[in-house]
Amino acid sequence: LVLCLIGTMIFSCGGKEKAAEADEKEAKYTLAYIGYSSTNPFWNALAQSALESANTLNVKLLDLTASSPEMAQQKMAIDNAIIKRVDGLVVGAVDSRGLGDSFDKAQQAGIPIVTVDTRVDHPGVVSHIATDNIAAANLAGEYIAGKLGNKGKVLVLGGATGSQTADDRQDGVEAVLNRHEEMEVIFRVANWDAKQANEITNNILSSTEDLRAVFAACDPMIFTAMQAVKSKDKLGDVVLVGFDAIPAVLKAIEQGEIDATVRQDPGRMGLEGVKLLVSHLNGEEVPAYIPISAELVDQSNIKQYISR
């Protein structure tokens, strides 16, 4: 009996050691995800997909995203990730030009970076995955031009100055609208901010009686622009097109309050972002850029997305 008990104890202890080793092997890498904001529906979907991808690949993912989209917060998050000695970073930058020194630190610490949505030109970035924002915004421009018969004034609510994503969306929609001599673009920077978008739209509606359309570089802005249009009793008179296909805007399209939005695929961005980083850490070659296609969602195809 004593011999059996000793044998059992040895077996049990050995079993626990193997289990602990297996757990360590299971979490082969620890990655940090630092997104644009933890209060934005698009980025929440991307973060959730990144977490699911990490679970599938048996790696640990730390979400260090701040609630507000501030460069200082992202810099602090990167510093925190370096202190934690993570193996890699997945970053959705607030500004494409403001993270150079932080990326320098990560590179010096031997931490590779994958960027999602917003490109950051830095040698420490091993891959970038994003929507082709110019092509995607072209879809919005073509839709607006078609709805207006290629004539009329269009308010373009842009993102933040210095953001590559914002610049590409502005360039993409304006490239189409400016082809038509009878179309006029009124551009305003709204800094990805829903409140600013509402105020700007209200002001333009008050000073421009013949405004015929609004394009916003992200859906929270088109949603509050819609509220401004609605308050002026001009729903149906002003074409409203957003970007991101967040649930609130999809619902508004279904209800006829917003005309269309450009749908990205944050789920694939999060999935592929983590996969690319793990592949790189495993010593595999990864593409420098993976483009994600976009599509326009309006009344013609809203039902296939509203139930999701």
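**Exercise 1. Describe the exposed surface of the chain and find what share of its residues is buried.**

Solution. The chain exposes about 14600 Å², and carbon and sulfur atoms supply 50% of this area, where accessible areas come from the Shrake-Rupley method with a 1.4 Å probe and, for residues, only the protein chains shown count as cover. This is a predicted model, in which local features need pLDDT of at least 70 and side-chain atom pairs count only at pLDDT 80 or more, while totals for chains, interfaces and linings use all residues. Residues are numbered from 1 along each chain as its sequence is written, and side-chain values use heavy atoms, with hydrogens and water left out. As the next step, take the 308 residues of the chain, of which 49% count as buried; buried means under 20% relative accessible area, exposed means over 50%, and partly exposed lies in between (1.4 Å probe, protein chains only).

**Exercise 2. Work out how the open sheet of 6 strands is ordered, and which strands form its edges.**

Solution. Begin with the whole chain, whose secondary structure comes to 11 helices and 12 strands; helices (H or I, at least four residues) and strands (E, at least two) are DSSP runs, numbered from the N terminus. The open sheet holds 6 strands in the order 2-1-3-4-5-11, with parallel pairing, and two strands pair if DSSP finds at least two bridges between them. Its edge strands are strand 2 (60-63) and strand 11 (289-292), each of which pairs on one side only. Looking at one pair in detail, strand 1 (residues 30-34) runs parallel to strand 2 and is joined to it by 4 bridges, and Leu31 has Leu61 in strand 2 as its bridge partner. Helix 3 (residues 71-83) packs on this sheet, where it touches strand 1 and strand 3 (88-91), and its direction makes about 175 degrees with that of strand 1. Here contact means heavy atoms within 4.5 Å, and axes are lines fitted to C-alpha atoms, for helices over the stretch in contact, with angles from 0 to 180 degrees between N-to-C directions.

**Exercise 3. Locate Asn191 and Ala245, and decide for each whether the residue is buried or partly exposed.**

Solution. Asn191 lies in the loop between strand 7 (183-189) and helix 7 (194-207), and has a positive phi of about 60 degrees although it is not a glycine. Because its relative accessibility is 37%, Asn191 counts as partly exposed. Ala245, in the loop between strand 9 (239-243) and helix 9 (247-254), has a positive phi of about 60 degrees and is not a glycine. With a relative accessible area of 13%, Ala245 is buried.
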